[in-house]
Amino acid sequence: MASDDVPAALSQRARDLTERAAAPRRLLEGRTIYITTEKLRVKADNGEEGRPLYQVTHYRYVDDTAIVSVVDLERGAVLNQREVPHLPVMLTAEELAQARELALAQPPVREALARYPNVTVEPLLVRVGNDRDPWFGHRVVRLLFRVDRDYLTRPIVYVDLTTRRVQIGEEAHQHD
């Protein structure tokens, strides 16, 4: 997803450059998704705005790692690529669609929402800081269900996008 200040064509060029540069080093190996492209505000030595640079972010599921690249489109070069474990990155529209599809495939969720023809599904990305928690290092989304301006209290649904597992109910994330 391009950010608001990066036109789609520039975002795609930056993404393509990043993905070509990452391939030899296998940074984007495995299940990896593109997150966003953002324009970086960089000052030249004289204090004026320098040439535009772009930050491209990908997310690698296998080890909960963001791959952050800085791209100079004028030179056609990737200036820097680094891996940042456990960096919170935004949820993409594709991930929300996947979480929604996984949740609605569950009969209890479908049944609970059946009487609401115009339900809106909203995501809440869950971050877990305790490395002993089973959700640590996973991409987990709590789905919120809204009808008009009101949120439903049930069903309570968590989707672990890393494992593609859906958990339903208040005890979904209760661990001993």
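## D64 in the loop before β3

At 2% relative accessibility, D64 counts as buried, because the cut-off for that class is under 20%. The model is predicted. D64 sits in the loop between β2 (53-60) and β3. Leaving out residues up to four places away in sequence, D64 touches Y59, V84, P85, H86, R127 and G137.

One of these partners, Y59, belongs to the largest nonpolar core. Y59 is also one half of an aromatic pair with Y61.

## Overall fold and dimensions

The protein chain has 3 helices and 9 strands. In sequence order the elements follow the pattern α-β-β-β-β-α-α-β-β-β-β-β. The C-alpha trace spans about 60 × 35 × 25 Å along its principal axes.

Of the 176 residues in the chain, 39% count as buried. Among contacts with a separation of 6 or more, 50% come from residues 24 or more positions apart.

## Surface and charge

The accessible surface of the protein chain is about 10400 Å². Carbon and sulfur atoms account for 48% of that surface.

There are 25 positive and 27 negative charges in the chain. The mean positions of the two sets lie 2 Å apart.

## Nonpolar cores

In soluble globular proteins, nonpolar side chains tend to be buried together. Here the largest nonpolar core has 23 residues, and the members that touch the most others are Y59, L143, F145, V157, V159 and L161. Two or more residues come from each of β1 (32-40), β3 (65-72), α2 (93-104), α3 (107-113), β5 (119-126), β6 (140-147) and β8 (157-160). The largest contribution is that of β6, with 4 residues. Another core lies apart from this one; it has 8 residues, including V6, A14, Y34 and Y54.

The surroundings of L161 can be listed in detail. Beyond its neighbours within four places in sequence, L161 is in contact with R31, Y61, L91, E95, Q98, A99, L102, R139 and V141. Among these partners is Y61, a buried residue.

## Aromatic pairs

The structure holds 2 aromatic pairs. In the pair of Y59 and Y61, the ring centres are 5.1 Å apart and the planes stand at 85 degrees, so the arrangement is edge-to-face, the class for angles over 60 degrees. Both tyrosines of this pair, Y59 and Y61, are buried.

The rings of W135 and Y158 have centres 5.0 Å apart and planes at 45 degrees, so this pair is tilted. W135 and Y158 link distant parts of the chain: W135 is in the loop between β5 and β6, Y158 is in strand β8, and 23 residues separate them. W135 counts as buried at 4% relative accessibility, and Y158 counts as buried at 16%.

## T18 in helix α1

T18 lies in helix α1, which covers residues 8-22. T18 is buried, with a relative accessible area of 0%. Setting aside neighbours within four places in sequence, the contacts of T18 are V56, H58, S69, V71, V78 and Q81.

## Q98 and E29

Q98 lies in helix α2. With a relative accessible area of 22%, Q98 is partly exposed, because the buried class ends under 20% and the exposed class begins over 50%. Apart from residues up to four places away in sequence, Q98 touches R31, L161 and R164. Q98 and R164 are 66 residues apart in sequence, and their C-alpha atoms are 8.8 Å apart in space.

E29 is found in the loop between α1 and β1. E29 is partly exposed, at a relative accessible area of 46%. E29 and G169 are 140 residues apart along the chain, with 34 Å between their C-alpha atoms.

Technical notes. Residues are numbered from 1 along each chain as its sequence is written. This is a predicted model: local features need pLDDT of at least 70, side-chain atom pairs count only at pLDDT 80 or more; totals for chains, interfaces and linings use all residues. Side-chain values use heavy atoms; hydrogens and water are left out. A nonpolar core is a set of buried Ala, Val, Leu, Ile, Met, Phe, Trp, Tyr and Cys residues joined through side-chain atoms within 4.5 Å. Buried means under 20% relative accessible area, exposed over 50%, partly exposed in between (1.4 Å probe, protein chains only). Contact means heavy atoms within 4.5 Å. Accessible areas come from the Shrake-Rupley method with a 1.4 Å probe; for residues, only the protein chains shown count as cover. Lys and Arg count as positive and Asp and Glu as negative; His and the chain ends are not counted. The place of a charge is taken as NZ of Lys, CZ of Arg, CG of Asp or CD of Glu. Rings of Phe, Tyr and Trp (its six-membered ring) pair if their centres lie within 6.5 Å; planes under 30 degrees apart count as stacked, over 60 as edge-to-face and the rest as tilted.
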